[in-house]
Amino acid sequence: MGTSCCPAWASMAKREFPEQADCISMALTLMVLTGRMIKEKHPDCKVAFIGPCAAKNLVYYAV
């Protein structure tokens, strides 16, 4: 099993090793988990992530 909370790593691993795609897990980042918890408790709130990683920004907005 290969895992990382980095969406870029998971995409690269699945692209480079398609025969192992079933063994590559996408763990959620603490940022995504925290954002989901906040939205669950306060559905009308706005949640933003400010950070240097473009891959994590794309994943969060896609969720």
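**Entry 1: Leu28 and its patch**

I started with Leu28, which sits in the loop between β2 (24-26) and α2 (30-41). Helices and strands here are DSSP runs, numbered from the N terminus: H or I over at least four residues for a helix, E over at least two for a strand. The model is predicted, so I noted the ground rules: local features need pLDDT of at least 70, side-chain atom pairs count only at pLDDT 80 or more, and totals for chains, interfaces and linings use all residues. Residues are numbered from 1 along each chain as its sequence is written, and side-chain values use heavy atoms, with hydrogens and water left out.

Is Leu28 buried or exposed? Leu28 is partly exposed, at a relative accessible area of 36%. My cut-offs are under 20% relative accessible area for buried, over 50% for exposed, and partly exposed in between (1.4 Å probe, protein chains only).

Leu28 joins Leu30 and Leu33 in a nonpolar surface patch of about 290 Å². A patch takes residues with over 30% relative accessible area and no salt bridge; like charges are joined within 9 Å, and nonpolar side chains (Val, Leu, Ile, Met, Phe, Trp, Tyr) within 5 Å. Areas come from the Shrake-Rupley method with a 1.4 Å probe, and for residues only the protein chains shown count as cover.

**Entry 2: helix α2**

Next I checked the length of α2. Its twelve residues should span 16 Å at 1.5 Å a residue, and the end C-alpha atoms are 17 Å apart, which agrees. The expected span is 1.5 Å times one less than the number of residues.

Which residues of α2 are buried? I found Met31, Val32 and Gly35. They lie on the same side of α2, because they cover an arc of only 95° around the axis. That arc is taken from the directions from the helix axis to the C-beta atoms. On the face turned away from the buried side, α2 carries the exposed residues Leu30, Met37, Glu40 and Lys41.

**Entry 3: helix α1 and a salt bridge**

I asked the same of α1, where Pro7, Ala10 and Ala13 are the buried residues. Their arc around the axis is only 130°, so they too share the same side of α1.

I then looked for salt bridges (a side-chain nitrogen of Lys or Arg within 4 Å of a carboxyl oxygen of Asp or Glu). The count comes to one, and it joins the side chains of Arg15 and Glu16 at 3.6 Å, N to O. Arg15 is exposed at 56%, while Glu16 is partly exposed at 47%.

**Entry 4: Gly2 and Cys23**

Gly2 belongs to strand β1 (residues 2-4). Setting aside residues up to four places away in sequence, Gly2 touches Trp9, Cys23, Ile24 and Ser25; contact means heavy atoms within 4.5 Å. From Gly2 to Ala21 I read 9.3 Å, C-alpha to C-alpha, across 19 residues of sequence.

Cys23 is in the loop between α1 (7-16) and β2, partly exposed at 34% relative accessibility. With the same sequence neighbours left out, Cys23 touches Met1 and Gly2. The C-alpha atoms of Cys23 and Thr3 are separated by 8.4 Å, though the two are 20 residues apart along the chain.

**Entry 5: the whole chain**

I closed with the overview. There are three helices and two strands, in the order β-α-β-α-α from the N terminus. Of the 63 residues, 21% count as buried. The protein exposes about 4,800 Å², with carbon and sulfur atoms supplying 63% of it.
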